[in-house]
Amino acid sequence: MDRDKLFQLLDEFNIETPSWGYADTGTRFGKFFQPAAASTIDEKLADAGAVHQFTACCPSVAVHVLWDFSVGTDARDVAKLAVKHGVRIGAINPNLFQDQVYKFGSVCSPNENARAHAHRHVLDSINLGRAVGSNLLSLWFADGTNYPGQDDIITRKRRMEGALRQWHDAMPGDMTMLVEYKPFEPAFYHTDIADWGMATAFARSAGPNAKVLVDTGHHLPGANIEHIVACLIDEDMLGGFHFNDRKYADDDLTLGSIDPYAVFRIFHEIRNAADIHGRDVSGIAYMIDQSHNLKPKIEAMIQTVTTAQELFAKACLVDRKKLVDAQTRMDIIDAEGCLKEAFATDVRPMLSEWRKRKGVDPDPMKAYRASGYEARVAKERGARKGAQASSYA
Ligand code: LRH
Ligand code: MN
């Protein structure tokens, strides 16, 4: 692959960062506060702006409605704040899991108050998306049950179908609905949208502007995620990703920290679908969904973004002519060798040159650390926060 083609692909490879990745997050066993952590939407957008300033590939920020838009907030003001910090508002994520009324689910709940509450919240989220100029409605449902017999699975399925169809039809024509699946947590017996097949069926029944969102942490051990990705692309049903890494479950660790070759294989299938099968992969939304419980949050985000760029660039370098030839000759060693060769390629010099061309420092982490941004905001924000206690119960 010639350098200009690779640089053009890198220009198009934008990665959306999550507002919640800049805030203090934890597990049920505790939350460890960081003085520099963001808590207001202004601070989250400022930090996302800093990541974009040093990486040149993160122009948008995903928001979670109830975490980022307190009551009375004018959405247009938030959009202006984003511009002030050099970014724009990306995917709109309604919160359909934290309100007390959602004890037995949101749109799948036997409790019609829960269904009505959820219905209104997503309609409000669609209007918010219009107000901030976002064309992505990203839906994840904690809906499910904890015990066999607790509720009727088919009744819940039909409630979900009805709700998704209504919201799909309420969306403006240029908005895409992303349906995210997850096998378990917080539900521990069944989850109403548990895997890619269910998400695809729900998206198809919702309407033409509904696609599937693949969160890399939402698969049972042993699942072949790149196989799922290849199928979704060929079915024209892949809407986007929530990238993170994990060793066990939905650990939300930083991308490539546990299994970088797995991420490379996903990017390989995307490039293969485009280069060999002529599939249009330009509309795929590359988003990060991580919680940085221990790592400094902005450094973790910069590390994630540069790792994603490296693994994407390596996947672009697979010699697909040689690969197809080896596959046709059923020469497994040579075929696998094409991927191994690309994965072993040190793409950092090329990425450094791409960054120079974009007018940013070839080493974003070093440049960020030298900027003093972290110490400055820690001083500003730490002073305001004072002592904080964290306990789950
Ligand atoms: C659920 C999930 C979903 C979000 C949340 C922050 O596990 O992946 O995408 O809404 O994390
Ligand atoms: Mn997710």
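This is a short tour of a predicted model, with selections to make at each stop.

**Stop 1: the manganese ion**

Select the manganese ion (ligand 2) and show the side chains around it. The ion is coordinated by Glu180 through OE, Asp215 through OD, His242 through ND1 and Asp289 through OD, at 2.1 to 2.2 Å. Six donor atoms surround the manganese ion, and the angles they subtend run from 72 to 168 degrees, which makes the arrangement octahedral. For comparison, the ideal angles for six octahedral donors are 90 or 180 degrees.

How are the donors of the manganese ion spaced along the chain? They follow the pattern E-x34-D-x26-H-x46-D. Now keep His242 and Asp289 selected. His242 belongs to strand β11 (residues 238–243), while Asp289 sits in the loop between β12 (285–288) and α10 (297–316), so the pair ties together parts that are 47 residues apart in sequence. Are these two residues buried or exposed? Both His242 and Asp289 are buried.

**Stop 2: strands β10 and β11**

Select β11 next. Six of the six residues of β11 are buried, so the strand is largely enclosed by the rest of the structure. Add β10 to the selection: β10 and β11 run parallel and are joined by four bridges. Two residues from the first stop come up again here, since Asp215 stands opposite His242 in β11. Each of these two residues also coordinates the manganese ion (ligand 2).

**Stop 3: the loop between β8 and β9**

Select Glu185 and Pro186. The peptide bond that joins Glu185 and Pro186 is cis, with omega at about 5 degrees. Pro186 lies in the loop between β8 (176–180) and β9 (190–191), and Glu185 is found in that loop as well. Phi of Glu185 is near 70 degrees, a positive value in a residue other than glycine. With a relative accessible area of 35%, Glu185 is partly exposed.

**Stop 4: a nonpolar surface patch**

Show the surface and select Phe184, Phe188 and Leu220. Together they make a nonpolar surface patch of about 290 Å². Leu220 has its place in the loop between β10 (210–215) and α8 (225–234). Its relative accessibility is 49%, so Leu220 counts as partly exposed; the cut-off for exposed is over 50%.

**Stop 5: Met330**

Move to the loop between α11 (320–328) and α12 (332–343), where Met330 is found. Met330 is not a glycine, although its phi is positive, about 55 degrees. Is Met330 buried or exposed? At 71% relative accessibility, Met330 counts as exposed.

**Stop 6: two distances to draw**

Select Lys103, which is in the loop between β5 (88–93) and α5 (112–132). Lys103 is exposed, with a relative accessible area of 68%. Draw a line from its C-alpha to that of Tyr181: the two residues are 19 Å apart in space and 78 residues apart in sequence.

For the second distance, select Asn146 in the loop between β7 (144–145) and α6 (153–170). Asn146 is partly exposed, at a relative accessible area of 35%. How far is the C-alpha of Asn146 from that of His277? The two C-alpha atoms are separated by 42 Å, and the residues are 131 apart along the chain.

Key. Residues numbered from 1 in each chain as written. Chains lettered and ligands numbered in written order. Predicted model: local features only at pLDDT ≥ 70, side-chain atom pairs only at ≥ 80, totals over all residues. Heavy atoms only, no water. Donors = N, O, S within 2.8 Å, 3.2 Å for Na, K, Ca; no water. Tetrahedral: all angles 85-135°; square planar, octahedral: opposite > 155°, others 65-115°. Buried < 20%, exposed > 50% of the residue type's maximum accessible area, 1.4 Å probe, protein only. Patch = residues over 30% accessible without salt bridge, like charges linked within 9 Å, V, L, I, M, F, W, Y side chains within 5 Å. Areas by Shrake-Rupley, 256 points an atom, 1.4 Å probe, with all protein chains shown as cover. Salt bridge = Lys/Arg side-chain N within 4 Å of Asp/Glu carboxyl O. Pairing = 2+ DSSP bridges.
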